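Biologist: Before we look at anything in detail, could you take me through how to read a model of this kind, one feature at a time?

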Amino acid sequence: MDFDVIIIGGSYAGLSAALALGRATRKVLIVDAGKPCNRQTPHSHNFLTHDGDRPADIAAQAKAEVLKYPTVQFKNGEVVSARKSSGEFRISLQNGEEFSARKLLIATGLKDSFPNISGFAECWGITVIHCPYCHGYEVKNEKVGLMMNGDHAFEMAKNINLWNKDLTILTNGKSQLTAAQTEKFRSKSIAVIEDEIIALEHENGVLKNVVFSEGNKLSFNALYARAEVSQHTDLDLQLGFELTEFNTIKVNEQQQTTANGIYAAGDCTTLMRSLSIITAAGTSAGIMINKEMISEDF
């Protein structure tokens, strides 16, 4: 075999796993397509020693540290197919190259799909944000909107209200809130607007106004929202591991998927998409993969 481990995805989780494996002198190949989900986000937060740093700078530093270990290689490319044959895993890249390994780690992140609202994608990660723990401090005490409906809106609003008292719920259509939820919002002076959203007016991703179908507008400093998520690849179908109901890869506490010899870590396994969480998961995956190979060889 060419490698002990092939890591598909070379962002925070993949690099973290490669660091653990490189320090265990394992021969590792990282293959990365170069499309991290946070590439539009100007600053990363809630990540100790890197609070406020640019995500691309964190990744570049991590890559440089990992590649100091001589048994770790990094290749820019996209994995288009993978299979298990005769006890080994073989991957094929878009350019036709093939490589084999004893173990696979999937760290491909998640693909965000945005609503059909003009300006939404351009603002994503800048002033259209998804997590108060990642972004809430930077917009605290400002006027913000929450584009959600039903129970999701109610639970998220409870969290955001800690940072922002000037909060408006934008259900983007008929409200699915219960009467009790609506009354609770009223008691907290949280307005609920059911008008359909057609556009976000912005300047280079900095939100100015939310535009509704009737032509009226509301200004906000930031808009909390969620994107629909899916896997970047169909490796689950090719390799036979399972996904959860949330379209994330199902893993156990050791980061093992439901297919033998295949591990997964990072965004592709969880909706808790904080850098500190996914980096820790990568470290755990690297250790557990190495532990499995040690047990097989001893």
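Modeller: Let us begin with a single residue, bearing in mind that this is a predicted model. Asp57 has a relative accessible area of 41% and is therefore partly exposed, because the partly exposed class lies between under 20%, which is buried, and over 50%, which is exposed.

Biologist: Which residue does the side chain of Asp57 meet in a salt bridge?

Modeller: A salt bridge is read from the distance between a side-chain nitrogen of Lys or Arg and a carboxyl oxygen of Asp or Glu, which has to be within 4 Å. Here the partner of Asp57 is Arg54, with 2.8 Å from N to O, and Arg54, at a relative accessible area of 43%, is likewise partly exposed.

Biologist: How many salt bridges does the structure hold, and which residues form one with Arg90?

Modeller: The structure holds 15 of them. Arg90 meets Glu88 at 3.1 Å, N to O, and it also forms a salt bridge with Glu98, where the closest N and O atoms are 3.7 Å apart. As for accessibility, Arg90 is partly exposed at 22% and Glu98 is partly exposed at 38%, whereas Glu88, with a relative accessible area of 18%, is buried. Elsewhere, a network of salt bridges links Arg102, Lys103, Glu292, Glu296 and Asp297.

Biologist: What should I make of Asp236, and how far away is the nearest side chain of opposite charge?

Modeller: Asp236, which lies in helix α7 (residues 235-239), is buried yet has no salt bridge, and the nearest side chain of opposite charge, that of Lys111, is 11 Å away. If we leave aside its neighbours within four places in sequence, Asp236 is in contact with Phe241 and Leu243.

Biologist: Lys111 has now come up; where do the side chains along its strand point?

Modeller: In a regular strand the side chains alternate between the two faces of the sheet. Strand β7 (residues 110-113) shows this alternation, with Leu110 and Asp112 pointing to one face and buried, while Lys111 and Ser113 point to the other face and are not buried. This strand pairs with β16 (residues 228-231) in the antiparallel sense over four bridges, and in β16 the bridge partner of Lys111 is Ser230.

Biologist: Are the residues of strand β2 buried or exposed?

Modeller: Five of the five residues of β2 (residues 28-32) are buried, so the strand is largely enclosed by the rest of the structure. Val28, Ile30 and Asp32 point one way from β2, Leu29 and Val31 point the other way, and all of them are buried.

Biologist: Which strands does β2 pair with?

Modeller: Strand β1 (residues 3-8) runs parallel to β2 and is joined to it by four bridges, with Ile6 standing opposite Leu29. Strand β3 (residues 72-76) also pairs with β2 in the parallel sense, over five bridges, and there Ile30 stands opposite Phe74. The chain segments then give two units to trace: β1, helix α1 (residues 12-23) and β2 make a right-handed β-α-β unit, and β2, helix α2 (residues 55-66) and β3 make a right-handed β-α-β unit as well.

Biologist: How should I read a sheet with antiparallel pairing, and what is the order of its strands?

Modeller: One starts from the order of the strands and then looks at the edges. An open sheet of three strands has the order β12-β13-β14, with antiparallel pairing. At its edges stand β12 (197-203) and β14 (217-219), each with a single partner strand, so one side of each is left without a neighbour in the sheet. From one strand to the next the twist averages 25 degrees. Three bridges join β13 (residues 206-212) to β14, and Asn209 stands opposite Ser219 in β14.

Biologist: Finally, a loop residue: where is Ala259 placed, and which residues is it in contact with?

Modeller: Ala259 lies in the loop between α7 and β17 (262-264), and at 12% relative accessibility it counts as buried. Although 19 residues separate Ala259 from Gly240 in sequence, the two are 6.3 Å apart in space, C-alpha to C-alpha. Apart from neighbours within four places in sequence, Ala259 is in contact with Leu239, Gly240 and Phe241, and Phe241 is also a contact of Asp236.

Terms used. Residues numbered from 1 in each chain as written. Predicted model: local features only at pLDDT ≥ 70, side-chain atom pairs only at ≥ 80, totals over all residues. Heavy atoms only, no water. Buried < 20%, exposed > 50% of the residue type's maximum accessible area, 1.4 Å probe, protein only. Pairing = 2+ DSSP bridges. Right-handed = clockwise from strand over helix to strand, strands pointing away. Axes fitted to C-alpha atoms, helices over the stretch in contact; angles between N-to-C directions. Lys, Arg positive; Asp, Glu negative; His and termini not counted. Contact = heavy atoms within 4.5 Å.
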